Amino acid sequence: QRHSDIVMEQAGLHSGSKGSPTPVVKVTETDEVQPDMSKEEETRYRAVIARINYMSQDRSDLVYASRSLSKSMSKPQQSDMLRMKKLARYVRQSPRIVIKYPLQDWDGVITSTVDSDYAGCQKTRKSTSGGVIMIGSHVISHWCKLQATIALSSGEAELNASVKGAVSYT
């Protein structure tokens with residue numbers, strides 16, 4: 001059985017559910033006042049997010065959504081369940097990604113590309129850094145991580161992301 005089918009089943013969505021073109025729903029401040037989930041729903045939520053975390057090791061399109069939904073593993077709310085179902089519908093529409101590594105000559109260049117979202121977390125105001133390291137056209141590493149400090153400007157958030165990219169590069 002494919003991971004996408006298991007995710008749909010665990011999320012409680014039927015096989016005829018419509019897919020989604022994007023994996024993430026933006027978090028709003030009103031999402032924080034949603035009621036708690038039942039124990040069964042919490043277990044289902046954790047199972048789906050654990051599988052998505054596993055899948056995100058090879059699928060860079062799932063990394064950000066996986067990280068943002070994993071923050072709620074200890075006490076998920078109904079708004080988290082809605083975001084998880086949106087991600088499950090995305091996995092339904094894009095069940096797999098084919099990564100091709102065409103033969104290329106070594107030109108001695110390793111590229112690190114990074115980005116950040118300034119104060120992306122509504123609760124903590126922390127920024128998220130993401131990046132990819134490539135040799136030619138081949139991705140060799142990717143990440144998405146909440147920054148340890150609160151950036152006071154978008155420039156500082158970008159600098160933190162750049163430092164992470166430089167450290168990962170070496």
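These are my notebook entries on charged pairs, enclosed spaces, a surface patch and some backbone angles in this structure.

**Entry 1: ground rules**

I am working from a predicted model, where local features need pLDDT of at least 70 and side-chain atom pairs count only at pLDDT 80 or more, while totals for chains, interfaces and linings use all residues. Residues are numbered from 1 along each chain as its sequence is written, and side-chain values use heavy atoms, with hydrogens and water left out.

**Entry 2: salt bridges**

I began with the charged pairs, since side chains of opposite charge can pair when their charged atoms come close. I took a salt bridge to be a side-chain nitrogen of Lys or Arg within 4 Å of a carboxyl oxygen of Asp or Glu. The structure has 5 salt bridges, and I looked up some of them.

Which residues pair with Glu42? One partner is Arg46, with the closest N and O atoms 3.6 Å apart, and another is Lys75, where the closest N and O atoms are 3.8 Å apart. Glu42 and Lys75 link distant parts of the chain, for Glu42 is in helix α2 and Lys75 in the loop between α3 and α4, 33 residues apart. Glu42 and Arg46, by contrast, both belong to helix α2 (residues 39-55), where they are 4 residues apart, about one turn of the helix. For these elements I used DSSP runs numbered from the N terminus, with helices (H or I) of at least four residues and strands (E) of at least two.

I then asked whether these residues are buried or exposed, with buried meaning under 20% relative accessible area, exposed over 50%, and partly exposed in between (1.4 Å probe, protein chains only). Glu42 has a relative accessible area of 4% and is therefore buried. Arg46 is partly exposed because its relative accessibility is 28%, and Lys75 is partly exposed as well, at 46%.

I also looked at Arg83 and Asp80, whose side chains meet in a salt bridge at 2.7 Å, N to O. Both residues are in helix α4 and 3 residues apart, so about one helical turn separates them. Arg83 and Asp80 are both buried. Through salt bridges that share partners, Glu42, Arg46 and Lys75 are joined into one network.

**Entry 3: the largest cavity**

Next I looked for enclosed space, on a 1 Å grid over the protein atoms alone, where a cavity is a set of points at which a 1.4 Å probe fits but cannot get out, and a pocket is an open set with protein on both sides within 12 Å along at least five of seven lines; lining residues have an atom within 4 Å of a point. Grid points are joined across faces, edges and corners, and a volume is the space filled by probe spheres set on the points.

I found 1 cavity of 30 Å³ or more, and the volume of the largest cavity is about 40 Å³. Arg83 appears again here, lining the largest cavity together with Pro23, Val24, Val25, Ala65, Ser68 and Leu69. Helix α3 (residues 63-70) contributes the most to this lining, with 3 residues.

**Entry 4: the second largest pocket**

I noted a volume of about 470 Å³ for the second largest pocket. Which residues are the closest to its centre? Among the 23 residues of the lining, they are Ser60, Val63, Gly131, His142 and Trp143. Two or more lining residues come from each of α3, β1, β2 (128-135) and β3 (138-146).

**Entry 5: loops and backbone**

I turned to the loop between β1 and β2, which holds Ala119 and also Arg125. Phi is positive in Ala119, near 50 degrees, although the residue is other than glycine, and Arg125, also other than glycine, has a positive phi near 65 degrees. Ala119 is buried because its relative accessible area is 8%, whereas Arg125, at 42% relative accessibility, is partly exposed.

I also placed Gly19 in the loop between α1 (3-11) and α2. The C-alpha atoms of Gly19 and His142 are 25 Å apart, with their positions 123 residues apart along the chain.
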